[in-house]
Amino acid sequence: MDQALALEVLMAGNSAFLTGPAGSGKTYVLNQFIREAKQSGQYVAVTATTGLAATHIGGSTIHAWSGIGVSDRLSDDFEDYMLKSRREIIEKTDILVIDEVSMLHDYRLDMVNAVCKAVRDDDSPFGGIQVVLCGDFFQLPPINRAGDETQGGFVTRSESWQELDPVICYLAEQHRQDDDEFLDILSALRGGDIRRHHAEKLIASVNPEHAGEATELHTVNVDVDRINKTRLSEIVGDSHSYSMHTTGSENYVASLKRSCLALEDLTLKQGALVMAIKNSPDKAYVNGSLGEVISFESMTNYPVVKLMSGRTVTFKPESWELRDGEKKRAGLSQIPLRLAWAITVHKSQGMTLDAAVIDLRKAFVEGMGYVALSRVKSLDGLTLIGINKMALRVSQEAQDIDETLRKKAADHHARLEHLRENGEKRRKQSAKKGADKESKSKSWAERIEKMREKHPNAYRPWTNEQDERLKQDFTNGVNTKELSKKLGRHERSVLLRLQKHYGEDVVAT
């Protein structure tokens, strides 16, 4: 199935599983669907199985959204202890998105299903919510720790999977690798069919002496931290440090920090190898773009980075948010960079790297080698420090599931091909709305001028000076009505700005 048809399947209201090999565009389709569904007026709950994955799609963890937390089972009276705000969010949700579902235990998906049914008083799957699951079972699996009372597996084992019976949107096109030889190796690895000639090609990439020439992927955190710290200390020159700024309640801020690649304190030097950890709004860089710090902007001290693409970009602070449905719980801002001599395989999931030096000598779980290798675009960009047998293994269960999914996907594709024409209709409607919007722009400009007779700064950008004055006066107890007069803005605008700085839990409506 191609991306266009997958989008139409989702937009038609089907509960579905969006899957496909690494680089097939799952996140792209998911983000496009979320954007269009919200524009159509639907309430979309965007979640993922880990905090890191959640930040990639601007959501929260499924554990937090559903209220199941880290529990392994629901108590009989769980509804009695559910917060009213949590209940309201679940009740009004039209669409539930769960990304990186390969890492979600089967019993936890059943728990989410049970919560939704109970809260919405509806015995339909997930209480009647359209559920969109996304992931790839060949990537990192659910983790069962020794001693845990409950042990689980892939969500396909769950009762809720059978009950939901999602449409299978299996994306087959490749949008990352542009090297047929390398694609053949990844396909063989995915299929559990690594032959001698595949292994020989990988072994030919082993060259420990090239460590440090590109981002290194390692399987454990201790190696990553050691390498980055050592390499930065070896550079002679002044250090430039950037501190993270946060808003929101302490517990939500702590959760956002754990979920985000941004560092509380980022230290850089000229010559440091760095990696972008966010997609830029103006598409100057993407999550995973590599480069070298070549200077620091004179007035702001922001780092100037020459990317491997050849483009030179000044990196300014960007923001991350922890959202619960439409509510913002916490926010942080930081320069969207981190030292890139080394990162973990786990944190590389979802990234596209131009080049990487990968150490798989300590690979300890099936699928880890596939995740690491599939980050790179071609064999030319790959250097291996070493590799073990585990790195060449993928789950036999994942292979069996994949075979079943492919068969179902072929049937679903044929049955739903007619939905493709819906996209053209939607695009025409969107173009018409754009034309209508343009015709109304003059009257809107007139309305703004009228507003500014009472609120001189209505719809003007907030300056740093105004922001500082707002925060200082608010801290000193000045109410929003007085702040509105002092700042020349509508009271609602003042309230929203305060919530942006302090979070919706601190500044009540």
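Glu 79 and Arg 87 make a good place to start: their side chains meet in a salt bridge, 3.5 Å from N to O. Keep in mind that this is a predicted model. The count of salt bridges comes to 21, and a few of them are picked out below, along with an open sheet of five strands.

**Salt bridges, pair by pair**

- Back to the opening pair: Glu 79 is partly exposed, with a relative accessible area of 29%.
- Its partner Arg 87 also falls in the partly exposed class, at 22% relative accessibility. The cut-off for buried is under 20%, so Arg 87 at 22% does not count as buried.
- Another pair is Arg 420 with Glu 417, where the closest N and O atoms sit 2.7 Å apart.
- Arg 420 comes out as partly exposed at 29% relative accessibility, and Glu 417 gets that label too, at 32%.
- As background, side chains of opposite charge can pair when their charged atoms come close.

**A salt bridge between two helices**

- Asp 473 and Lys 486 form a salt bridge, with 2.7 Å between the closest N and O atoms.
- Asp 473 belongs to helix H16 (residues 464-475) and Lys 486 to helix H17 (residues 480-487), so this pair ties together parts that are 13 residues apart in sequence.
- Which end of this pair is buried? Asp 473 is, at 12% relative accessibility.
- Lys 486, at 38% relative accessibility, counts as partly exposed.

**A salt-bridge network**

- Which residues are linked in a network of salt bridges? They are Asp 136, Arg 190, Asp 402 and Arg 406.

**The five-stranded sheet**

- Reading across the open sheet, the strand order is S14-S13-S12-S11-S17, and the pairing is antiparallel.
- Strand S14 (312-314) and strand S17 (337-339) are the edge strands, each pairing on one side only.
- How are neighbouring strands of this sheet turned against each other? On average the angle is 40°, with direction ignored.
- Inside the sheet, strand S12 (residues 290-296) pairs with strand S13 (residues 303-307) in the antiparallel sense, over five bridges.
- If you want a spot to look at in that pairing, find Phe 296, which stands opposite Pro 303 in S13.

Notes. Residues are numbered from 1 along each chain as its sequence is written. This is a predicted model: local features need pLDDT of at least 70, side-chain atom pairs count only at pLDDT 80 or more; totals for chains, interfaces and linings use all residues. Side-chain values use heavy atoms; hydrogens and water are left out. Two strands pair if DSSP finds at least two bridges between them. Helices (H or I, at least four residues) and strands (E, at least two) are DSSP runs, numbered from the N terminus. Axes are lines fitted to C-alpha atoms, for helices over the stretch in contact, and angles run from 0 to 180 degrees between N-to-C directions. A salt bridge is a side-chain nitrogen of Lys or Arg within 4 Å of a carboxyl oxygen of Asp or Glu. Buried means under 20% relative accessible area, exposed over 50%, partly exposed in between (1.4 Å probe, protein chains only).
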